[in-house]
Amino acid sequence: MGIDTQKQALFDNTRRFLRGEPANHALLWGSRGTGKSSLIKALLNAFAGASLRCVEVNFHDLDDIPEIIDLLDHGDTRDYRFILFCDDLAFDRGDARYKALKSILEGSLELPPENVLLYATSNRRHLLPEDASANQDTRIVHGELHHGDQVEETLSLADRFGLWLSFYPADWETYLQMVDQLFCDYEGDRGALHTAAKQFAMLRASHSGRTAEQFFKSYSS
């Protein structure tokens with residue numbers, strides 16, 4: 001709930017991919033617990049019958065992506081369409097693995113086969129650490145903004161994802177709608193339930209879909 005626009009964009013992109021039409025790699029970024037990973041996982045429920053398969057690649061296994069792609073481009077696997085799913089993707093300062101990921105997305109002579117897309121989630125919009133000092137090299141030249149080398153490098157990885165989807169914390173009204181959906185069979189005092197749900201969220205300093213689910217498990221136990 002509350003992410004209908006993002007869901008529509010991701011599902012439309014995936015449908016084009018399954019039809020063999022041009023489709024983009026996707027980066028889902030934003031606040032924690034807002035449905036980024038759940039939305040990608042939901043694609044399997046929606047499109048498994050249309051030959052969609054999902055391969056989750058852990059952060060520490062990014063170096064293996066070229067070998068994984070080779071395996072998905074041979075034999076019977078060509079009858080399927082694959083999403084490589086990288087959850088909670090973010091690189092620390094000095095971690096050079098992002099350069100290999102850049103080459104996989106775009107920038108090398110060998111692009112991923114047409115039956116493979118990369119979908120990633122992250123709490124960071126640009127995936128790499130951003131220092132305030134890096135902006136000191138930014139200049140205005142003839143009315144145009146020119147970033148310094150460090151900022152350009154920071155942007156270069158995220159720019160290779162053609163579809164950016166932003167996720168923000170739910171407002172209180174949407175949060176309570178999530179609670180009501182989870183408690184659809186609840187026959188008690190709905191006002192008291194909402195008060196308890198708000199108190200639970202304030203203790204966690206978060207009123208997201210994840211918080212609503214955690215409240216449901218706690219309150220109904």
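The following exchange asks what lies behind the terms used for this predicted model.

Reader: What kind of model is this, and what limits apply?

Author: This is a predicted model in which local features need pLDDT of at least 70 and side-chain atom pairs count only at pLDDT 80 or more, while totals for chains, interfaces and linings use all residues. Residues are numbered from 1 along each chain as its sequence is written, and side-chain values use heavy atoms, with hydrogens and water left out.

Reader: What makes β2 and β3 a pair?

Author: Strands (E, at least two residues) and helices (H or I, at least four) are DSSP runs numbered from the N terminus, and two strands pair if DSSP finds at least two bridges between them. β2 and strand β3 (residues 81-86) pair in the parallel sense over 5 bridges, so they satisfy that definition. Within this pairing, Phe85 in β3 is the bridge partner of Glu56.

Reader: Why do β2 and β7 stand at the edges of the sheet?

Author: The open sheet has 5 strands in the order β2-β3-β4-β1-β7, with parallel pairing. Because β2 (52-56) and β7 (163-167) each have a single partner strand, one side of each is left without a neighbour in the sheet. From one strand to the next, the twist averages 20 degrees. β7 pairs with β1 in the parallel sense over 5 bridges, and Leu27 stands opposite Trp164 in β7.

Reader: Which side chains of β7 are buried?

Author: Buried means under 20% relative accessible area, exposed over 50%, and partly exposed in between, with a 1.4 Å probe and protein chains only. Leu163, Leu165 and Phe167 point to one face of β7 and are buried, whereas Trp164 and Ser166 point to the other face and are not.

Reader: Why are α1 and α2 called oblique to each other?

Author: Axes are lines fitted to C-alpha atoms, for helices over the stretch in contact, and angles run from 0 to 180 degrees between N-to-C directions. The axes of α1 and α2 come within 11 Å and cross at roughly 50 degrees. Angles under 35 degrees count as roughly parallel, over 145 as roughly antiparallel, 65 to 115 as roughly perpendicular and the rest as oblique, and α1 and α2 are therefore oblique. Contact means heavy atoms within 4.5 Å, and residues of α1 including Lys7, Leu10 and Phe11 meet residues of α2 that include Leu39, Ile40 and Leu43.

Reader: How do you know that Leu39 is buried?

Author: Leu39, which is found in helix α2, counts as buried because its relative accessibility is 6%. Leaving aside neighbours within four places in sequence, Leu39 is in contact with Ile3, Gln6, Lys7, Leu10, Phe11, Leu28 and Phe167. Lys7 and Leu39 are 32 residues apart in sequence, yet 6.9 Å apart in space, C-alpha to C-alpha.

Reader: What makes a group of residues a nonpolar core, and which members of the largest one touch the most others?

Author: A nonpolar core is a set of buried Ala, Val, Leu, Ile, Met, Phe, Trp, Tyr and Cys residues joined through side-chain atoms within 4.5 Å. In the largest such core, of 22 residues, Leu62, Ile65, Leu84, Cys86, Leu89 and Leu101 touch the most other members. β1, α3 (65-72), β3, α4 (97-105), β4 and α5 (149-158) each supply at least two residues of this core, and α3 gives the most, with 4 residues. A second, separate core of 19 residues includes Ile3, Ile40, Leu43 and Leu117.
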